[in-house]
Amino acid sequence: MDFDLSPVQRMLRDNARAHLENICPPGHVRAMETEPAGYSRDMLTGLGERGWLGITAGTDVGGIGLGPIELSVLAQEIGRALLPGPVLSTAVTGTLIAAALPDVSDLLRDIVAGRVLVADALFDSADARASDVGTRATPTDGGYRLLGEKRFVQYGRSANLLAVLATRPTALDTPDSGLSVHLVSTDAPGIRTTELTSAGGEPLYQVVLDNVEVDAGDSIAPGPDTDELIRRITELSRLTTAAQLVGMSRKLFDMCLAHAKARRQFGRAIGTFQVIQHQLVDLYAEVERAQVLLDRAAWLMAEDKDHERELAVARSAASDTSYLASHTAGHIYGGYGFMNINDVQLYYRRSKVLELRFGNADACRAEIAKLGYLSAFELPDSDQRTVPDLSMFGSV
Amino acid sequence: MDFGFTPEQEDFRERVSSFLRSDLPPEFGLGSDEGRDDDAYFAAARRFMEELSAKGWLVFGWPKEYGGGGATVVEQAILAEELGYYGVPPADTTGRTIAGPAIMRFGTPEQKQRYLRPIAKGEVVWCQGFSEPNAGSDLASVRMTALRDGAEFVINGQKVFTSRAAWADYIYLLARTDPTAPRKHQGLSMFLLPMDTPGITIRPLHNFTHTYPQNELFFDDVRVPEDSIVGGEGEGWKLATATLSFERVNLSDIGRARRLFEEFLNLCRQLGAKGEGPLDSELVRSRIAQSVVEFESWRLLCWRVVGMQNSGVLPTFEPSLSNVIGKDYRQHVAKLVVDVLGQYGVLEEGSPLAPLRGRLLHQYLYSVNKHGQGTSEVQRDVIANRGLGLPRHRAV
């Protein structure tokens, strides 16, 4: 019974925060919004050298070999700093796929080292539903030919590889989902990208795969293990999405609190007014709730215990909290929160975009309410007091 | 980080729940919030204290020298969660959690000798005389006087909202011993006295939720010996604030809330067994899922306080955070339940067609209570001042 980070995990958090405050101040985030690539490749290679891109990868390929709790800690700091670039898609999706390729080591080492960056183009839309993948992979002599379209791909041009899910051209009667996994070069023949302009400011693309040839060596064929890989990528991506949202929300709370103490009106700090104090308390309460639910989900994953339901609970709370955080901040900062010169707008815009990736709050609630998951709230069978009360069904 | 229980702790939980399943008197309504406005019910609640005492569970966390069980805070919290889950009604809450701990910490050897054993054995019931008609949230404004007359104090004035006063043997009473003190927090003292002391008149205040009546108390020249003061003359405010902080995290609230939620879901399942039921509605399921998120974050934040205490950290504002969240949750879930059950949901206990003998309605009626143990606003003030470092806004 101890909900705190371990001393080593705290050190990871503190070091990551200090490093990001140093290399990625808000000015960097703003500058990257007008860069075509959307991020600094040197910065990401530097993070690779620090081990961030291999945080969960094995030490034999240059990774650190840590688990979901540490991944969550790092993702919270990345969210807090709004670090631009395909960092978590490389660290999670990139490393997991590369480790499952037929010939593992070289590409995985390059990914872990930050020499090859991976953009997430897994699902056809941002809802992360495997059933929605309509992109087809037709087997060829040396691999596959991909035909389809991926929407809302962040860094879809400036990363090196696209991680793509595709399905068999004709459904077979197999127990697996039929999905295959591919790493495709962003400049492969047949790839056409159209830039979308999103509120978040990250470069965002519609990617058309028009008969793109991909080697068998860069592909993972359909099968139960592949489904398991996709499930793992999806759940870790949901974890890092929730973690980034919690990191953003806590940063917004810190900003609001500092502003309420500094900003003076009517001759006193606005933080002396009860109506402001209670808004801050309500935001603080929401951030703490999202935090404790996130930590529980990460701990369950680290302990290899059942966690699907708890992850959906955490993901749903993180979305609602980031919404409340960005709106409370926008309000407490008043007119300043509305201006481009203030940092609140960066969080306001980016958290909304992230909130809708890998399942929004409504989708998570639908999942939490699955009958199987509601069985977490079953009365004990042995309880004799549980008399079925069916008086409602008939008259007395 | 560890969100789990040890095997020993799980075993202990099972021992408690199997005892309660077999030995709890059937007249206790499962999961009712604050007992029942009924003399016979309270008498049964009193008798059950002695059974708990025989198991060593009544004052489980007290040191053994005072008749306690010497349990760790985690074991106490597990016990409380189970007692709440099975609907063990509160009987001597004030003695166990407020007067007793205060006597232990501030009392004279004679006071400890006289008062603690009977509380530990479940032989007595205490009530708490704090609120007055003009001193509610502003507790330090109490006007009841206790003026020295030789070796005695003479008490005059009125108290209000004194739960269980008509059934209590003793009162833990805040009164003003020095009306000339310059500040309202000064000149207060805390008294321990028997409720059958001449001059005390009790008038019950019944409420529409049919829970234990609160009472008005009138003190007319009530004479008590000077050794009735606990913690020293003029130290009353220190005791009042110390004891209020004992009160705010109560894991039995979690147990009760869980039970009610499970009873509700069970009813929904039964309603769906013969056709379309509430769980077939996506809207209802989404609201249920939101309640799951709120409930689980509330529970985890309560357990986080337990974890803090377990590692020797004294919580300051954290119990207030759980209190605010808990009150909000109970309101939201009560509304959900009654909305789903419609007209059935507003049928009173004893009415034909009333689901679960009216317990879900009781939860709804009781949920308006966001004032008990300090209003939500006072709790938010505590969080703002002690947790967020925001200045006090109140005139003191």
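**B:L271**

I began with B:L271, which I found in helix α7 (residues 251-272) of chain B. The model I am reading is a predicted one. Is B:L271 buried or exposed? I counted 21 other C-beta atoms within 10 Å, and 20 or more is the mark for buried, so B:L271 is buried. Next I looked up its contacts, leaving out neighbours within four places in sequence, and got B:G277 and B:P278. I also took one long distance: the C-alpha atoms of B:L271 and B:R392 are separated by 51 Å, with their positions 121 residues apart along the chain.

**Helix α9 of chain B**

I stayed in chain B and turned to helix α9, residues 318-341. The helix has 24 residues and reaches 35 Å from its first C-alpha to its last, close to the 34 Å expected at 1.5 Å a residue. How many of the residues of α9(B) are buried? I noted 18 of the 24, so α9(B) is largely enclosed by the rest of the structure. Just after the helix I met B:G342, with a positive phi of about 60°.

My next entry is the packing of α9(B) on helix α11 (residues 376-387) of chain B: the angle is about 145° and the axes are 9 Å apart. I logged the crossing as left-handed. On the α9(B) side the contact is made by B:S320, B:L321, B:N323, B:V324 and B:K327. On the α11(B) side I listed B:S376, B:Q379, B:R380, B:V382 and B:I383. By class, I have 4 nonpolar, 4 polar and 2 charged residues in this contact.

**Helix α9 of chain A**

Over in chain A, I looked up α9(A), which covers residues 308-332. α9(A) has 25 residues, and its end-to-end C-alpha reach of 36 Å is close to the 36 Å expected at 1.5 Å a residue. I found α9(A) mostly covered, with 20 of its 25 residues buried. After the helix comes A:G334, whose phi is positive, near 60°.

How do α7(A) and α9(A) lie with respect to each other, and at what angle do they cross? α7(A) spans residues 224-262; its axis and that of α9(A) come within 8 Å and cross at roughly 25°. Angles under 35 degrees count as roughly parallel, and α7(A) and α9(A) are therefore roughly parallel to each other. I noted that α7(A) passes α9(A) in a left-handed crossing. Their contact divides into 16 nonpolar, 8 polar and 3 charged residues.

**Helix α4 against helix α8, chain A**

I then checked helix α4 (residues 68-81) of chain A against α8(A): the axes come within 7 Å and cross at roughly 145°. From α4(A) I wrote down A:P68, A:I69 and A:S72, which meet A:L294, A:A298, A:W299, A:M301 and A:A302 in α8(A). The class count for this contact is 7 nonpolar, 1 polar and no charged residues.

**Two positive phi values outside glycine**

I followed up A:D304, which has a positive phi of about 60° although it is not a glycine. Its place is in the loop between α8 and α9 of chain A. With 9 C-beta neighbours inside 10 Å, A:D304 counts as exposed.

A:F152 also went on my list: its phi is near 60°, a positive value in a residue other than glycine. A:F152 sits in strand β3 (residues 143-154) of chain A. I counted 21 C-beta neighbours inside 10 Å, so A:F152 counts as buried.

**A:L162**

Then I went to A:L162, in strand β4 (residues 161-167) of chain A. With 30 C-beta neighbours inside 10 Å, A:L162 counts as buried. Which residues does A:L162 touch, not counting those up to four places away in sequence? I got A:A119, A:A121, A:V153, A:G156, A:V184, A:T186 and A:V207. The C-alpha atoms of A:L162 and A:E288 are separated by 35 Å, and the two residues are 126 apart along the chain.

**Where the chains meet**

My last look was at the two chains together: 48 residues of chain A are in contact with 45 residues of chain B. On the side of chain A that touches chain B, α8 (274-302), α9 (308-332) and α11 (361-368) each supply at least two residues. α8(A) gives the most, with 14 residues. By class, I have 26 nonpolar, 10 polar and 12 charged residues on that side of chain A.

Conventions
Residues are numbered from 1 along each chain as its sequence is written. Chains are lettered from A and ligands numbered from 1 in the order in which they are written. This is a predicted model: local features need pLDDT of at least 70, side-chain atom pairs count only at pLDDT 80 or more; totals for chains, interfaces and linings use all residues. Two residues are in contact if their C-beta atoms, placed from the backbone, lie within 7 Å. Helices (H or I, at least four residues) and strands (E, at least two) are DSSP runs, numbered from the N terminus. Ala, Val, Leu, Ile, Met, Phe, Trp, Tyr, Cys and Pro count as nonpolar, Asp, Glu, Lys and Arg as charged, and the others, Gly among them, as polar. The expected span of a helix is 1.5 Å times one less than its number of residues. A residue is buried if 20 or more other C-beta atoms lie within 10 Å of its own, exposed if 12 or fewer, and partly exposed in between; C-beta atoms are placed from the backbone. Axes are lines fitted to C-alpha atoms, for helices over the stretch in contact, and angles run from 0 to 180 degrees between N-to-C directions. Angles under 35 degrees count as roughly parallel, over 145 as roughly antiparallel, 65 to 115 as roughly perpendicular and the rest as oblique. A crossing is left-handed if the near helix is turned anticlockwise from the far one by less than a right angle, and right-handed if clockwise.
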